[in-house]
Amino acid sequence: MSGIDETRDPGHGPAGPEVTGGPATVGPPGRVDTLSPLVRRILCPNPSLMTGPGTNTYLVGTGEVAVVDPGPDDPVHLERVLVAAGEALRWIVVTHAHPDHAPGARRLAERTGVAVLGFDERAGFRPDRRVGDGDEVAGGTAWQLTALYTPGHSSDHLCFVLDGEDGRLLLSGDHVMDGSTVVIAPPDGDMAAYLEGLRRVLSLRPEPASLLPGHGGVVRQPRERVEHYLEHRLARERALAAVLGAAGSASVDELVATVYEGLDPALAPIARYSVWAHLRKLAGEGLVIEEAPGGLEGRWRSVSSSVPTDTRPADT
Ligand SMILES: [Zn+2]
């Protein structure tokens, strides 16, 4: 059976392609996983705390192929991608310029003469063609890849909506991942923009049937996953604001220690960035003030605090 089931209301629950490739099926590196008639996935061998099993490189299309996120400049991985794409490679697309997603694009371009598409030039990444929100990036009559600007994890982050004959998928890059935490690291990372970007994903109509993340397996219930992300972040922010309100003022590290009780020390750097990013968002809403500027070392005060800050001991 193919095509969209017309009896389903596209506004309620996504109809779309059957996609295989859940969390348990990621890897080993180098294997070409066919996830749907239009999508293949090759895992890059760069596992880490930040990348989970590694970076997912996606090949989209059949007659003409787009490679999304070639990954780091790993010759072995890129050779596998080239072999899988073959003569059909037409587009090299990058979700964002981070080192686990973009550097391989240049080597692929040099080998094939195919143009690299991405948001802008930064951190050693230079797209041949710049792509913005709503731009049709790749495809033809049978499928279309359209950019969705989703800053937050990074200010250059794009997701890509894949519309095929049998429905819609979303290549979500590091905006929504599977299995690992999305890092929001200011100043390039922006929590307010990130949460707004999650709401944008929720507002897509028709809804994507599945998400194809930059790390981890296929996300089959996109709405549940994204709503969970939003709730989790906002609950953390409320906890943080409450602690700061009670304390009057606090440093990022003091807030991490209180809000993230029992935190795995390996995740502490991510938690620090996350707290800082929430504080910057709250400052933008006029709820907190950075009283001693210093980035991760800064000190913050709750605007609505009932505790006069001048009665508290000096931090230094
Ligand atoms: Zn990544």
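This is a short walk through one chain, domain by domain, followed by a few backbone details.

To begin with, what we have here is a predicted model. The chain is divided into two parts: domain 1 covers 23–220, and domain 2 covers 231–311. Taken over C-alpha atoms, the centres of domain 1 and domain 2 are separated by 32 Å. To the contact, domain 1 gives 10 residues and domain 2 gives 11 residues. On the side of domain 1 that touches domain 2, eight of the residues are nonpolar, two are polar, and none is charged.

Let me take the sheet of seven strands now. It is open, with the order S1-S2-S3-S4-S5-S6-S7, and the pairing is mixed. Which strands are at the edges? They are S1 and S7, the latter being 129–130, and each of them pairs on one side only. At the S1 end, S1 and S2 (residues 39–43) are antiparallel to each other, with three bridges. One bridge can be named: Thr34 has Arg40 in S2 as its partner.

Two helices pack on this sheet. Helix H1, residues 75–85, touches S1, S2, S3 (56–60), S4 (65–68) and S5 (89–93). The direction of H1 makes about 160° with that of S2. Helix H2, residues 104–112, touches S4, S5 and S6 (116–118). For H2, the angle of about 160° is taken with the direction of S5.

Next, the sheet of three strands. This one is open as well, its order is S13-S15-S14, and the pairing is antiparallel. Why do S13 and S14 each have one side without a neighbour in the sheet? S13 (249–251) and S14 (288–292) are at the edges and have a single partner strand each, so one side of each stays free of a neighbour in the sheet. On average, and ignoring direction, neighbouring strands of this sheet are turned by 35° against each other.

Within it, S14 and S15 (residues 299–302) are paired in the antiparallel sense over four bridges. Two of the bridge partners are worth listing. Glu290 is matched with Trp300 in S15, and Ile289 is matched with Arg301, also in S15. S14 and S15 form a hairpin, with six residues between the two strands. In that turn, Gly295 has a positive phi of about 60°.

On to the helices that go with this part. Helix H6, residues 268–284, lies across S14 and S15 and runs at about 115° to S14. As a reminder, two packed helices are described by the angle between their axes and the distance between the axes. H6 packs with helix H4, residues 222–247, at an angle of about 75°, and the two axes are 10 Å apart. That angle makes H4 roughly perpendicular to H6. Which residues meet there? From H4 they are Arg236, Glu237, Leu240 and Ala241; from H6 they are Val275, His278 and Leu282. Sorted by class, the contact of H4 with H6 has four nonpolar residues, one polar residue and two charged residues.

Now the backbone details. Most residues other than glycine have a negative phi, and most peptide bonds are trans. Here are some exceptions.

Pro186 and Pro187 are joined by a cis peptide bond, with omega about 5°. Pro187 is in the loop between S11 (167–173) and H3 (191–202). Another cis peptide bond joins Arg205 and Pro206, where omega is about -5°. Pro206 is in the loop between H3 and S12 (211–213).

For phi, Asp69 has a positive value near 60° although it is a residue other than glycine. Asp69 is in the loop between S4 and H1. Is Asp69 buried or exposed? Asp69 has 27 other C-beta atoms within 10 Å, so it counts as buried. Ala123 also has a positive phi, near 45°, and is likewise a residue other than glycine. Its place is in the loop between S6 and S7. With 14 other C-beta atoms within 10 Å, Ala123 is partly exposed.

Last item, Glu18. Where is Glu18 in the chain? Glu18 is in the segment before S1 (32–34). It is partly exposed, with 13 other C-beta atoms within 10 Å. Glu18 and Gln144 are 126 residues apart along the chain, and their C-alpha atoms are separated by 18 Å.

Key:
Residues numbered from 1 in each chain as written. Predicted model: local features only at pLDDT ≥ 70, side-chain atom pairs only at ≥ 80, totals over all residues. Domains from an automatic or database assignment. Contact = placed C-beta atoms within 7 Å. Nonpolar A, V, L, I, M, F, W, Y, C, P; charged D, E, K, R; others polar. Pairing = 2+ DSSP bridges. Axes fitted to C-alpha atoms, helices over the stretch in contact; angles between N-to-C directions. Parallel < 35°, antiparallel > 145°, perpendicular 65-115°, else oblique. Buried ≥ 20, exposed ≤ 12 C-beta atoms within 10 Å, placed from the backbone.
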